[in-house]
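Colleague: Could we go through this model together? I should like to begin with the charged pairs and then turn to the packing.

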Amino acid sequence: MEAEKKDVVISVEHLVKSFGDLEVLKDINLQVHEGEVVCIIGPSGSGKSTLLRCINQLEQPTGGAIKYHGSDMLAKGADIRAFREKVGMVFQRFNLFPLKTVLGNVTLAPVLTGHKKKAEAEQLAMELLKKVGLESKADAKPAMLSGGQQQRVAIARALAMEPEALLFDEPTSALDPELVGEVLAVMKSLAEGGMTMVIVTHEMAFARDVSDHVVFMANGYIVEEGPPQEFFAHPKEERTKAFLSRFLDG
């Protein structure tokens, strides 16, 4: 018997996004359940990152609904700040504050928002830095770290707000190839710990091995989606087959 699906945390319904005359997202529908890892894959320009930025409202959708536990975050009066505190985001380019230490970067948001007193925030930050293997770098500035280390700090910073879910926008694409593994290892451990995650990625093996659900986008549409075993072994759409053939040959 199939396991019962958990609560829907994020629901994207008939989402549309245009930049002028260019329609980038066309009637996108997606559900993310509690504890689920959803990987979004597809060619460049397919709308993947725009979808993530619309969920977090870094881009304003043109139409549709984005619901968090059933409440439409696009409705007038919706508390976007509270939503962003609960649904964190990790960016491609780290976006760390260069003049602050690693510890300062991780503690900033919880202290500024009043979620934690400084000492409490620092204690949590050290626990999170240990989790991502960087407690020894607490006093370093971001410029002293490798790209992989900076991205792991960015993940710790997102976790410091104790979010319910995390959005990752191609978190390894700005990294040198030898540094990708250390970031993916942290993300895999978060997945194993039950963190709800939506990940835009080019890392096909990660999507296949770690995700619960894979979404393939092209030309602003969701072309195909499903469990990774089924999706990678038996893609149904020709567009999906052509895309996967480049990654899965041999």
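Modeller: What follows is a short discussion of salt bridges, helix packing and nonpolar cores in a predicted model.

Colleague: How many salt bridges are there?

Modeller: The count comes to 9 salt bridges. One of them joins the side chains of R81 and E85, with N to O at 3.3 Å.

Colleague: How far apart are R81 and E85 along helix 2?

Modeller: They are 4 residues apart in helix 2, which covers residues 80-86, so about one helical turn separates R81 from E85.

Colleague: Is R81 buried or exposed? And what about E85, buried or exposed?

Modeller: R81 is exposed, its relative accessible area being 53%. E85 is buried, with a value of 16%.

Colleague: Which residue forms a salt bridge with E182?

Modeller: That residue is R152, and the N to O distance is 3.0 Å. This pair links distant parts of the chain: E182 belongs to helix 6 (residues 177-192) and R152 to helix 5 (residues 147-159), with their positions 30 residues apart in the numbering.

Colleague: What is the relative accessibility of E182, and what is the relative accessible area of R152?

Modeller: E182 is partly exposed at 24% relative accessibility. R152 has a relative accessible area of 11% and is buried.

Colleague: Since that pair joins helix 5 and helix 6, how do the axes of these two helices cross?

Modeller: The axes of helix 5 and helix 6 come within 8 Å and cross at roughly 20°. Because angles under 35 degrees count as roughly parallel, helix 5 and helix 6 are described as roughly parallel to each other. Their crossing is right-handed.

Colleague: Which residues make the contact?

Modeller: From helix 5 the contact involves G147, G148, Q149, Q151, R152, I155 and L159, and from helix 6 it involves L179, E182, V183, V186, M187 and L190. The salt-bridge partners R152 and E182 are therefore both among the contact residues, and Q149 of helix 5 is another.

Colleague: Is Q149 buried or exposed, and what does Q149 touch?

Modeller: Q149 is buried, with a relative accessible area of 17%. Not counting residues up to four places away in sequence, Q149 touches L134, K137 and E182.

Colleague: Changing topic, which members of the largest nonpolar core touch the most other members?

Modeller: They are I41, L129, I155 and F168, in a core of 50 residues. Helix 6 supplies the largest share of this core, 8 residues. I155 also takes part in the contact between helix 5 and helix 6.

Colleague: What is I41 in contact with?

Modeller: Leaving aside neighbours within four places in sequence, I41 is in contact with K48, T201, M204, A207, V214, V215, F216, M217, F231, F243 and L244. Another core, of 27 residues, lies apart from the largest one and includes V12, L51, M73 and V198.

Colleague: F243 was in that list of contacts. How far apart are G193 and F243?

Modeller: G193 and F243 are 50 residues apart in sequence and 31 Å apart in space, C-alpha to C-alpha. G193 lies in the loop between helix 6 and strand 8 (196-200), and G193 is exposed at 66% relative accessibility.

Colleague: One last pair: which residue forms a salt bridge with K236?

Modeller: K236 pairs with E230, the closest N and O atoms being 3.6 Å apart. K236 is exposed at 55% relative accessibility, whereas E230 is partly exposed, with a relative accessible area of 37%.

Key. Residues numbered from 1 in each chain as written. Predicted model: local features only at pLDDT ≥ 70, side-chain atom pairs only at ≥ 80, totals over all residues. Heavy atoms only, no water. Salt bridge = Lys/Arg side-chain N within 4 Å of Asp/Glu carboxyl O. Buried < 20%, exposed > 50% of the residue type's maximum accessible area, 1.4 Å probe, protein only. Core = buried A, V, L, I, M, F, W, Y, C linked by side-chain atoms within 4.5 Å. Contact = heavy atoms within 4.5 Å. Axes fitted to C-alpha atoms, helices over the stretch in contact; angles between N-to-C directions. Parallel < 35°, antiparallel > 145°, perpendicular 65-115°, else oblique. Left-handed = near helix turned anticlockwise from the far one by under 90°.
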